[in-house]
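The following exchange examines how certain descriptive terms are justified. Please consider the structure shown here.

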There are 2 protein chains.
Amino acid sequence: MANIKEVASLAGVSVATVSRYFSAPEKVSKKNTDKVIKAIEQLNYKPNLLARNFTQSRSYSILVMAPLANPFLLDVIQGIQEIARIKGYTVLLVDPLEAPDDENKYYSMLETRLVEGIIDFKVQKRLNKKHGTRIDNIVTLCDYVENNPSPVVTVDDVKAAEKLVDYLVSLGHRHIGCLTGLDFIHATHHRKLGYQNALQKAGLPLSNKLMINGDFSVTSGLNAAKEYADMQPRPTAIFCMNDKMAIGIIQGLKAEGLRVPEDISVVGFDDIEFAKYCDPPLTTIRQPAKELGSSAMKLLCNLIEGKFDPETVLRPYFLPTDLIVRGSTCAVK
Amino acid sequence: MANIKEVASLAGVSVATVSRYFSAPEKVSKKNTDKVIKAIEQLNYKPNLLARNFTQSRSYSILVMAPLANPFLLDVIQGIQEIARIKGYTVLLVDPLEAPDDENKYYSMLETRLVEGIIDFKVQKRLNKKHGTRIDNIVTLCDYVENNPSPVVTVDDVKAAEKLVDYLVSLGHRHIGCLTGLDFIHATHHRKLGYQNALQKAGLPLSNKLMINGDFSVTSGLNAAKEYADMQPRPTAIFCMNDKMAIGIIQGLKAEGLRVPEDISVVGFDDIEFAKYCDPPLTTIRQPAKELGSSAMKLLCNLIEGKFDPETVLRPYFLPTDLIVRGSTCAVK
DNA sequence: TGTAAATTTGTAATCGATTACAAATTTACG
DNA sequence: CGTAAATTTGTAATCGATTACAAATTTACA
């Protein structure tokens with residue numbers, strides 16, 4: 001395959017001129033531009049971007065670490081892609097849950113220069129060595145912890161969960177179950193806190209019995225349904241920490257011969273596309289998926305370009321959520 | 001950031017020895033290995049992979065062009081990822097529908113060396129210049145056309161659709177609607193052919209009236225539902241070319257006051273996760289998503305490594321499908 | 001111990017671009 | 001036309017690794 005030298009010699013110019021034809025065509029005379037174009041055409045020349053990236057010490061790539069099992073993330077990723085495309089970055093995608101052992105390998109792609117930034121869907125376990133002074137071109141998306149080691153874009157999970165459970169309380173529910181998510185995701189703990197806040201405000205007791213540990217999968221919802229169905233007293237409403245589990249729990253409750261929402265109201269979290277189309281349609285919290293993705297990517301671009309305010313960049317950036325009321329909830333009898 | 005030269009000089013060895021420590025550690029003596037390790041440690045050295053990739057003229061990356069709107073593809077992508085990880089490739093992901101104009105830019109990433117192969121979810125528009133003689137390290141996944149310009153991994157859409165419509169016929173249905181997919185996807189035409197084959201076998205007339213053009217989205221299912229509800233005579237069964245449209249159509253038919261399956265049976269295609277959880281659960285064709293992805297990636301690896309048989313590589317590689325009968329279909333009254 | 005074979009090491013060329021700097025050319029204008 | 005300024009061009013260094021080849025060292029064994 002032809003290289004820049006061959007193009008230059010065929011065109012009768014120097015390699016610098018050919019290079020400039022790509023990087024600053026306005027600096028090449030008309031005459032030489034024509035010659036270069038002709039030579040490129042003739043040799044079907046394509047610049048070797050591995051070489052270009054090497055000399056510029058830039059990869060024009062970013063890495064997204066996302067658990068693909070959650071369809072909600074698809075929309076988030078589309079938001080990321082949109083900005084990435086505009087800014088000229090390509091997106092590498094890995095699912096950290098598929099190969100947890102490789103996680104550090106992925107982070108080190110920053111140091112080996114393969115990517116210029118990372119969007120991670122959970123708070124990094126290892127903190128920066130010099131926390132607060134050095135920003136690593138990592139953005140945490142949809143997860144957050146106090147003293148987060150990297151900039152964060154997410155929703156206020158505490159407030160959102162609280163809003164959702166407030167709503168259940170307003171419907172008269174007094175026994176409200178809570179199906180949690182994966183323990184190592186901080187959002188799980190924040191949503192739990194919101195759930196507890198709402199109960200407390202309503203003067204309801206906090207009982208661990210009403211809390212079942214899930215893992216964000218439909219299956220864990222199905223399993224939890226049986227437990228809730230047998231529980232004494234049985235909850236009249238269940239808060240699930242994502243829509244997939246809510247869909248699973250609805251399915252499971254129906255199998256137990258219970259009606260949703262007449263016997264048990266169920267709420268989810270995320271507002272995935274299918275929340276509208278399950279039966280009954282799901283009452284849930286809508287996260288602005290695409291905006292989460294595009295905001296995170298914009299922030300990452302600023303980090304990469306060094307355009308950020310060190311004072312504020314570590315303050316979490318919260319996007320608003322909406323309570324979406326559909327058919328899976330009703331007033332308690 | 002430290003480079004190999006600094007490591008070499010700190011360790012008191014040549015750069016070649018440091019390089020060999022990574023590429024062929026068994027060729028470095030114990031004494032020097034220790035010195036190199038110490039120097040790497042001390043300088044926190046990470047090899048510049050941009051440089052390595054450049055000298056080796058390899059990117060160790062592949063590109064996946066997938067319309068992310070389809071959740072079925074998530075599983076396919078997981079299958080791709082699994083093999084990619086094992087083989088040491090990283091996966092770049094773009095959604096061609098998001099930026100159709102950039103499509104050629106993506107293909108040219110092969111020529112600019114940014115990726116070593118491409119998995120594309122549709123047959124490429126531009127054929128190879130020298131069709132059949134040169135293989136471009138492109139694998140077409142889930143789409144197929146006679147004289148395909150690149151190797152193909154997919155299912156036999158004709159047979160699968162035929163199997164599905166055979167089943168509807170066996171339930172006694174005589175008026176069977178067909179909601180098609182995007183026209184530029186060849187799978188759409190193959191599934192249409194399967195639908196027509198089944199009707200023909202059953203001695204049923206082929207009527208264009210029963211065919212509505214969809215685009216694989218839930219919305220197009222919703223819209224089609226109204227049309228089918230008003231149709232005279234109204235079909236007693238509808239074959240949708242994917243599950244998303246089937247879910248939309250079920251939703252739409254319910255809104256029109258029709259019962260599924262009692263008034264109209266609905267079948268989909270793909271067997272996405274939510275097919276099980278919609279109401280009623282969807283009768284559909286299961287495509288082996290993960291296997292499609294992993295097979296395509298294995299094939300692509302062989303292309304990249306030159307390990308393929310030019311005689312057979314362009315023959316389509318069909319994976320088996322299953323008819324999954326659930327609650328959205330019943331015998332005609 | 002001496003010599004050949006095997007192993008380990010280092011020197012230096014190489015990959016294909018970019019780019020600083022100097023040189024050459026063109027343009028502007030009194 | 002002559003000179004200065006502006007524009008265009010080319011030379012050659014550079015990025016950080018890999019690797020062919022030769023040289024040095026170690027090992028094996030009579």
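Buried means under 20% relative accessible area, exposed means over 50%, and partly exposed lies in between (1.4 Å probe, protein chains only). This is a predicted model, in which local features need pLDDT of at least 70, side-chain atom pairs count only at pLDDT 80 or more, and totals for chains, interfaces and linings use all residues. Side-chain values use heavy atoms, with hydrogens and water left out, residues are numbered from 1 along each chain as its sequence is written, and chains are lettered from A.

Q: Why is B:Asp279 called partly exposed?
A: Its relative accessible area is 27%, which lies between 20% and 50%, so the residue is partly exposed.

Q: Why does A:Lys254 count as partly exposed?
A: A:Lys254 has 30% relative accessibility, so this residue also falls between the two limits.

Q: What makes the contact of B:Asp279 and A:Lys254 a salt bridge?
A: A salt bridge is a side-chain nitrogen of Lys or Arg within 4 Å of a carboxyl oxygen of Asp or Glu. The N to O distance here is 3.8 Å, so the pair qualifies. The pair crosses between chains, from a loop of chain B to helix H10 (residues 243-255) of chain A.

Q: What makes B:Arg326 and B:Asp271 a salt bridge?
A: Their N to O distance is 3.0 Å, within 4 Å, so the definition is met. This pair links parts of the chain 55 residues apart, and both B:Arg326 and B:Asp271 are buried.

Methods:
Helices (H or I, at least four residues) and strands (E, at least two) are DSSP runs, numbered from the N terminus.
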